[in-house]
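This report covers the nonpolar cores, the contact between chains and the overall form of one chain. The sequence and structure come first.

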Amino acid sequence: MTLVIFFVRNRTYPGSERVESPQPEPYLQPAIHGKILYGFESNWNGQREHLELAGGNRNFYFRASGGFKGYGSYTAGNKELFNTSFRKSYVTAATGFQIKEKHRFTLSYAYNQGNDVQFPALPMDEQLDKTQVASVNYEVSGLGKIWNSLQVMGYFSSVHHAMDNYNRPVASIMQAITIVDAWDAGGKVVGSYLAGDCKILTGLDFEHIYKDGQKKMTMKMIMSGDTFTSVKYTNVFNQTELNNAGIFGELQSRFGNVDFTAALRLDYNQANSADTFYLVKDDVAYFDKLNSDFLNLSFSAGVKKRLVSEFYLTAALGLGTRSPSILERFIKLLPVQFDSYDYLGNPQLKPEQNYQVDLSLDYYLPNVGSFTVNGFFSLVHNYILGKIIPPSVLKPSTQGVIGVKQFSNVDLVYLTGFEFSYTSPSQKRWGLMATAAATFGTNPDAVKYLVSEGEVVGEETVYNDPLPEIPPLEGSIQFSYKFFKKRLVPRFMVRLVNAQNRVSEADEEEKTPGFVTAAFSLSYIPCNYFTISAGVDNILDNPYYEHLNRRIIGSEQRLYEPGRIFYINLAIKF
Amino acid sequence: MNRGLAFFIVIFMFAGGVSCNKKKEDPPRIPAGNVIFAFHHLVDGEPLHKNELIYTNAAANDYLITEVKYFISDITFYKSDGSRKVVQDWKDIFYIDDDIPETKTIRVFDQIPAGEYDSISFVFGISEEKNQSFIYVNPPEVFMAWPTVLGGGYHYMMINGKWKDSTGLTMPFDFHMGIGQLYKGEGYNTDSIYAFVQNWFIVNLPGSGFSLKDQDTLSFQIAMNIESWFETPYIYDHNY
């Protein structure tokens, strides 16, 4: 289920929280259906098993599933073996009731457990992850001439997460385990109604997040033949809470051949923590006042105009305000970003304000296909970015990391970018999809630390420094052809990723070479109950890594993606 | 200086500047310069030769040195007008290891205000307030950890080596310094520890007055006379 009310590109803004849970659908006639799926992938010995049952009638319906996914170590295109592991099992259950015509009530639950997940780029592995999501939803549609629909929804999710370094060589020096428990609960009420030629969507939503977690570090030392054990407990989150309540509205109207949409959202955001950690040095407050609350305004307005034939122009502008997350406010010394630093939260962060303009052109011809080109430009005030803090103020607590960064507000940054896509008409036997996208970010005044022989010896300002961790220009092409009334479909895909040479000098971000990968798949449906698909990813066995792939913490080594993978999937449906 | 440690200092001065990528006006800067410390380890006035049984201490023990590593912290510059500047803008604790050449040079991040200075001092080891367990989790500093039950934090110093005992056998020694313990009764059972002793101390470098001009870089050569650890203020005999 999706709670998308207000969306601004690039970053997650309020209301764009996504909670996935299975949704059952009613059946006109009593029915029961099932799906059994098995998949295998070479290279990392991947296994996927999935079993699903769904059924019911118009008034009562259900859906339940369960499965397992497991992957092991893989060999990259450069023939290097990366020790990884990933084992997840899951169950879901959902049931729906049609209380009366057009009134639907749904209950759903999902449980997901991960064990022994090995992260090659991190100094620790996931020992256990238990995630539960439950939701309740009531929807009514077609209420009358004015009120159109009403939705009342609530959800709850909990996560128990344990990470340790017990299987790492560094554990011989020091063992560490971090256990975090998190809860997220919320809900929304949304109604839509018609006022003249206008359609209005309005509602309220609320979200409560709680996180609490602790790191235990154990060090064994041998002195004069005696073994001593030192233990330290630190909080990574200490009973931290975040509450967000929002009220929103959206207006859709039409003036002549122009569609007009305007949205407004007001959020009250509040956070606090029971932290006893306090960090003030030389009159600089790094971590002290724990409570913060904000009243955030977000709005957007856009028009869509048909220029000629099936050629549309869409323009929109808006302000999206994003409060700092609970992690950005309160995390204490964990490597939670893509670089090799421990991160410290900042309880006094200000919300990001993103002023953005979008322009989009859409063109559709039934026999040619649809084209979309769009571009955006945004100015972000109080952009949240990690800033190095000196080791005299705080030292890292994770083995292998090189320092501590604290989430801080950068006064102003700007981003710009574009997307292009083409999709061939679905009625054609041949199919072609092509996409391209790029984003460029700039920090007008970035601070760079000067390093000489491993020592930080000074600092300087880098003007117009590219923002770190921005993916490069990327494009993809996919070609397919439907044989035998779509029963046999070969598909060929190419992904082209440009080198990322526009990297942050201040962050000493490394450039990444470009790469091309190719994949081929074949799906065959011999009968309505059986589907078989097989293929190969990274056909050329190219060695490559994404720009956002972590460098392996504690080394200069980059984390390569898997080399060539053959796979096969078998599915039975009834 | 009365803890058996002898330091001497030589000052060199280089004219220098800090590179800068300026494109617009920066705020007015305070006249300041840079400071570099280079550490040397000597025995009997000569550079240390490790793993060679060529030294004899004041107790007539023949000995060799395999490792020398220690912390210094809170480097302080005292100005003639009574003010002082503590090195802490980037790092305040420095690890020096004879086996890791880059640790033997400290390029001070802090901009030191220009002017006349009377002297320089530093803490040998780490002060009680800063010497907390688990502040270092990565090598090489993590190998200096000091058990919590013995006071926690980190060794101030490790000098490891070997000596020829009274029977002629070559035996290892670990000459370590850290937080001390006071024990109730006899013996050294950790359950009988009732107090800890902070053994860090301040080293005032002799003859360390200097003059620093705007944008100058001064280089200080600091030597540790290792044999002094075994004779000042008391003669230390490895056989007892």
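## Cores and chain contact

In this predicted model, the largest nonpolar core has 55 residues, and F71(B), I72(B), F124(B), I126(B), Y154(B) and Y156(B) touch the most other members. Both chains supply strands that each give at least two residues to this core: β10 (174–195) and β11 (198–223) come from chain A, while those from chain B include β2 (32–43), β5 (62–79) and β17 (216–225). The strand that gives the most is β5(B), with eight residues.

Leaving aside residues up to four places away in sequence, I126(B) touches F71(B), S73(B), I93(B), N131(B), G153(B), Y154(B), Y156(B) and W200(B). A second core, separate from the largest, has 30 residues, among them I209(A), F237(A), Y343(A) and V404(A).

The contact between the chains involves 29 residues from chain A and 26 residues from chain B. The side of chain B that touches chain A divides by residue class as follows.

| Class, chain B side | Residues |
|---|---|
| Nonpolar | 13 residues |
| Polar | seven residues |
| Charged | six residues |

Chain A contains 29 strands and one helix. Its C-alpha trace spans about 80 × 50 × 45 Å along the principal axes. The radius of gyration of chain A is 26 Å, which agrees with the value near 25 Å for a compact globule of 574 residues. Of the 574 residues of chain A, 26% count as buried. Among contacts in chain A between residues at least 6 apart in sequence, 60% link residues at least 24 apart.

Note on methods: Residues are numbered from 1 along each chain as its sequence is written. Chains are lettered from A and ligands numbered from 1 in the order in which they are written. This is a predicted model: local features need pLDDT of at least 70, side-chain atom pairs count only at pLDDT 80 or more; totals for chains, interfaces and linings use all residues. A nonpolar core is a set of buried Ala, Val, Leu, Ile, Met, Phe, Trp, Tyr and Cys residues joined through C-beta atoms within 7 Å. A residue is buried if 20 or more other C-beta atoms lie within 10 Å of its own, exposed if 12 or fewer, and partly exposed in between; C-beta atoms are placed from the backbone. Helices (H or I, at least four residues) and strands (E, at least two) are DSSP runs, numbered from the N terminus. Two residues are in contact if their C-beta atoms, placed from the backbone, lie within 7 Å. Ala, Val, Leu, Ile, Met, Phe, Trp, Tyr, Cys and Pro count as nonpolar, Asp, Glu, Lys and Arg as charged, and the others, Gly among them, as polar. The radius of gyration is taken over C-alpha atoms; the globule rule is 2.2 Å times the number of residues to the power 0.38.
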